[in-house]
Amino acid sequence: MERFGPLLVVFFAILLNIIGAVLLKTMASRPDLSLWLLIGGVVLVAAVNILRFLVWGLAHKKYPLSKTYPLSSLFFPMILIVSYFYGEEIRSGQILGGAIVTIGVFWIAWIREVESDVEAGSAEKQ
């Protein structure tokens, strides 16, 4: 569980970020929204972002920045997927960029784990 802990916490923070983005996009695309629904939506978006702030605080308290911040870039490929469901045109360059970001993030996380395992193995031999 400890190995995937940073990924789970950051993924939850990203999910909250996407929920906030979807709420804002939905409100912005409905010009006929009543004032009370608009105020309720703004309050909801603020609550989601406060929760996201708290989750990031937990991530920073518990895990190294060198692990959590690279994982936060998973937001970009995920928001690309959300954009697709909003009917936006997704170009091959965007898909390629999202794939490169995702591969790069997992590469950073994997390299760090391999280095930690090698260091632990070296320490056991001594």
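**Exercise 1. Decide where S83 lies in this predicted model, and whether S83 is buried or exposed.**

Solution. Begin with the secondary structure: in the predicted model, S83 is part of helix 4, a helix that covers residues 75-85. Next, take the relative accessibility, which for S83 is 14%. The cut-off for buried is under 20% relative accessible area, and S83 therefore counts as buried. Then look for its partners: when neighbours within four places in sequence are left aside, S83 is in contact with E88 and I90. Finally, place S83 among the other buried residues of helix 4, which are F75, P77, M78, L80 and V82. Following the chain just past the end of helix 4, one comes to G87, which takes a positive phi of about 85°.

**Exercise 2. Work out how helix 1 and helix 4 are arranged, and which residues make their contact.**

Solution. The first step is the geometry: the axes of helix 1 and helix 4 come within 10 Å and cross at roughly 40°. This angle makes helix 1 oblique to helix 4, and the crossing is right-handed. The second step is to list the residues in contact, which are F11, I14, N17, I18, A21 and V22 on the side of helix 1, and F75, M78, I79 and V82 on the side of helix 4. Sorting them by class gives 9 nonpolar residues, 1 polar residue and no charged ones. Of the helix 4 residues, F75, M78 and V82 also appear among those that are buried.

**Exercise 3. Determine how helix 1 and helix 2 run relative to each other, and describe their contact.**

Solution. Start from the angle, which is about 165° between helix 1 (residues 5-28) and helix 2 (residues 35-62), while their axes are 9 Å apart. Because angles over 145 degrees count as roughly antiparallel, helix 1 and helix 2 are roughly antiparallel to each other. The crossing of helix 1 with helix 2 is left-handed. Helix 1 contributes V9, V10, F12, A13, L16, N17, I19, G20, L23, L24 and M27 to the contact, and helix 2 contributes L38, G41, V42, L44, V45, V48, L51, R52, V55, W56 and A59. By class, these residues comprise 18 nonpolar, 3 polar and 1 charged.

**Exercise 4. Check the span of helix 2, and find what its buried residues pack against.**

Solution. For the span, allow 1.5 Å a residue: the 28 residues of helix 2 should then cover 40 Å, and since its end C-alpha atoms are 41 Å apart, the two values agree. For the packing, note that the buried residues of helix 2 are G41, V45, V48, V55, W56 and A59, and that these pack against helix 1 and helix 3. Turning to helix 3 (65-72), one finds an angle of about 145° with helix 2 and axes 8 Å apart. In this contact, W56, A59 and H60 of helix 2 meet L65, T68, Y69 and S72 of helix 3, which by class makes 4 nonpolar, 3 polar and no charged residues.

**Exercise 5. Classify G97 by its exposure, and state how far its C-alpha atom is from that of F76.**

Solution. G97 belongs to helix 5, which covers residues 92-125. With a relative accessible area of 29%, G97 is partly exposed. Although G97 and F76 are 21 residues apart along the chain, their C-alpha atoms are separated by 9.1 Å.

Definitions and conventions:
Residues are numbered from 1 along each chain as its sequence is written. This is a predicted model: local features need pLDDT of at least 70, side-chain atom pairs count only at pLDDT 80 or more; totals for chains, interfaces and linings use all residues. Side-chain values use heavy atoms; hydrogens and water are left out. Buried means under 20% relative accessible area, exposed over 50%, partly exposed in between (1.4 Å probe, protein chains only). Helices (H or I, at least four residues) and strands (E, at least two) are DSSP runs, numbered from the N terminus. Axes are lines fitted to C-alpha atoms, for helices over the stretch in contact, and angles run from 0 to 180 degrees between N-to-C directions. Angles under 35 degrees count as roughly parallel, over 145 as roughly antiparallel, 65 to 115 as roughly perpendicular and the rest as oblique. A crossing is left-handed if the near helix is turned anticlockwise from the far one by less than a right angle, and right-handed if clockwise. Contact means heavy atoms within 4.5 Å. Ala, Val, Leu, Ile, Met, Phe, Trp, Tyr, Cys and Pro count as nonpolar, Asp, Glu, Lys and Arg as charged, and the others, Gly among them, as polar. The expected span of a helix is 1.5 Å times one less than its number of residues.
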